[in-house]
Amino acid sequence: MAALSLSGALALPAAAATAAPEAAGPGDVVSAEPTDFQVFPGVSLPTHAWRIQYKSTAADGKADTVSGTVLVPKDDHEGPRPLLTYAVGTVGIADKCAPSVNFPVGKTKEAPLIEGALLRGWAVAVTDYEGLGTPGTHTYTVGRSAGNAVLDAARAAQRLPEAAELGVTKESPVGIMGYSQGGQASGWAAELAGTYAPELQVKGTASGGVPADLPKVAEYNDGDAEAGLVLMSAIGHDAAFPELGLDAYLNDEGRRITKIMKEGCVDEASQAGANKSVEDVTTKDPNDQPDWQQRLAEDKLGTKAPSAPVYLYHGEADEIIPYDVGKQLRADWCAKGDTVEWTSFPLSPHAGTAVLASIPAMNWLSDRFKGEPTQGDCGS
């Protein structure tokens with residue numbers, strides 16, 4: 001649900017040049033083709049890059065296919081190298097917004113942060129999430145689907161033969177990282193890793209600006225400048241669970257804005273939904289209905305301890321994700337027995353914290369990759 005955004009209007013890449021036979025299990029590579037990674041338009045990093053499609057698991061437990069990107073530095077590294085599976089913040093709902101579409105032309109806002117990992121010699125897997133870059137509507141902020149996609153992107157990177165030749169193997173230490181929507185996705189990946197992908201050598205997760213409690217986030221943003229994110233979240237849940245029947249709750253204004261959101265990226269979506277309350281776009285609030293309440297409750301983070309340590313961070317002046325939601329997630333994970341290192345950034349707003357925390361978060365992950373212990377600070 002981040003303010004980290006882009007609004008490119010690009011065609012999807014051509015069909016993949018190669019395809020894996022009979023890809024069936026989560027993380028299996030369905031197709032792969034060489035691509036480019038530009039930090040800014042016209043500024044390429046010396047990086048091996050592939051746009052992939054891989055198998056994953058949707059929120060309803062059914063198999064699905066997700067697109068993404070695998071990046072490996074062009075260097076002289078020998079042996080297994082660290083692998084970071086990176087979850088981006090909000091880019092929008094339309095396929096043209098997908099990171100894999102915009103990396104080749106330098107229009108992914110988080111590319112400079114990802115560059116920081118590549119410069120450390122790490123490989124990076126970046127999921128597009130379910131329905132973003134592949135058929136269907138993006139299941140925006142549906143936690144389980146996003147967490148699965150993040151973990152399966154790491155699996156796919158390890159199963160891509162070209163990446164394996166460059167040190168991305170099953171022996172690679174794995175880190176998980178994401179901010180805002182990516183914070184939710186990485187948080188879900190952290191909670192799921194031990195049971196969904198136990199073979200991954202996950203050493204730690206760095207999650208920031210985490211929308212761990214969607215109803216509280218929705219209440220916080222209702223009617224304000226970022227209110228469009230609330231309707232985007234409703235669209236995402238309706239895509240994952242069509243029986244919720246979002247359209248029956250929308251008025252004409254709600255349908256008009258929803259159309260813009262489905263066809264555009266986050267800049268258009270934010271503008272269309274700015275300062276709209278739930279009452280402005282609905283005839284009846286779906287958040288009052290038991291089926292909607294149940295699905296949103298299923299997205300709550302903090303009900304299970306991650307299987308590896310976590311570096312959790314939040315800006316104290318976050319205008320999109322309440323600071324108290326971040327503090328509660330820390331308390332919940334600590335209570336479940338996880339090792340959590342908490343960092344708050346005084347006076348820092350939402351997007352600014354993503355930038356400020358990037359280097360400290362990667363430094364923390366680097367220590368985990370080296371096998372250095374962390375005690376966390378749950379007792380303080």
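**Exercise 1. Sort the residues that line the largest pocket by class, then trace them to their elements.**

Solution. Start with the classes: the lining has 5 nonpolar, 2 polar and 3 charged residues. Here Ala, Val, Leu, Ile, Met, Phe, Trp, Tyr, Cys and Pro count as nonpolar, Asp, Glu, Lys and Arg as charged, and the others, Gly among them, as polar. A word on the model: it is predicted, so local features need pLDDT of at least 70 and side-chain atom pairs pLDDT 80 or more, while totals for chains, interfaces and linings use all residues. Residues are numbered from 1 along each chain as its sequence is written, and side-chain values use heavy atoms, without hydrogens and water.

Next, find the residues: Pro215, Ala218, Glu219, Asp222, Val278, Asp285, Asn287, Gln293, Leu296 and Ala297 form the lining. Helix H6 (214-221) and helix H11 (290-297) are the elements that each give two or more residues to it. Helices are DSSP runs of H or I with at least four residues, strands are E runs of at least two, and both are numbered from the N terminus.

**Exercise 2. Compare the surroundings of Ser180 and Asn275.**

Solution. Take Ser180 first: its phi is positive, about 65°, although it is not a glycine. Ser180 sits in the loop between strand S9 (173-179) and helix H5 (181-196), and it is buried, with a relative accessible area of 0%.

Now turn to Asn275, a residue other than glycine with a positive phi near 65°. Its loop runs between helix H9 (266-273) and helix H10 (278-281). Asn275 is exposed, at 51% relative accessible area. Buried means under 20%, exposed over 50%, and partly exposed in between (1.4 Å probe, protein chains only).

Definitions and conventions. On a 1 Å grid over the protein atoms alone, a cavity is a set of points where a 1.4 Å probe fits but cannot get out, and a pocket is an open set with protein on both sides within 12 Å along at least five of seven lines; lining residues have an atom within 4 Å of a point.
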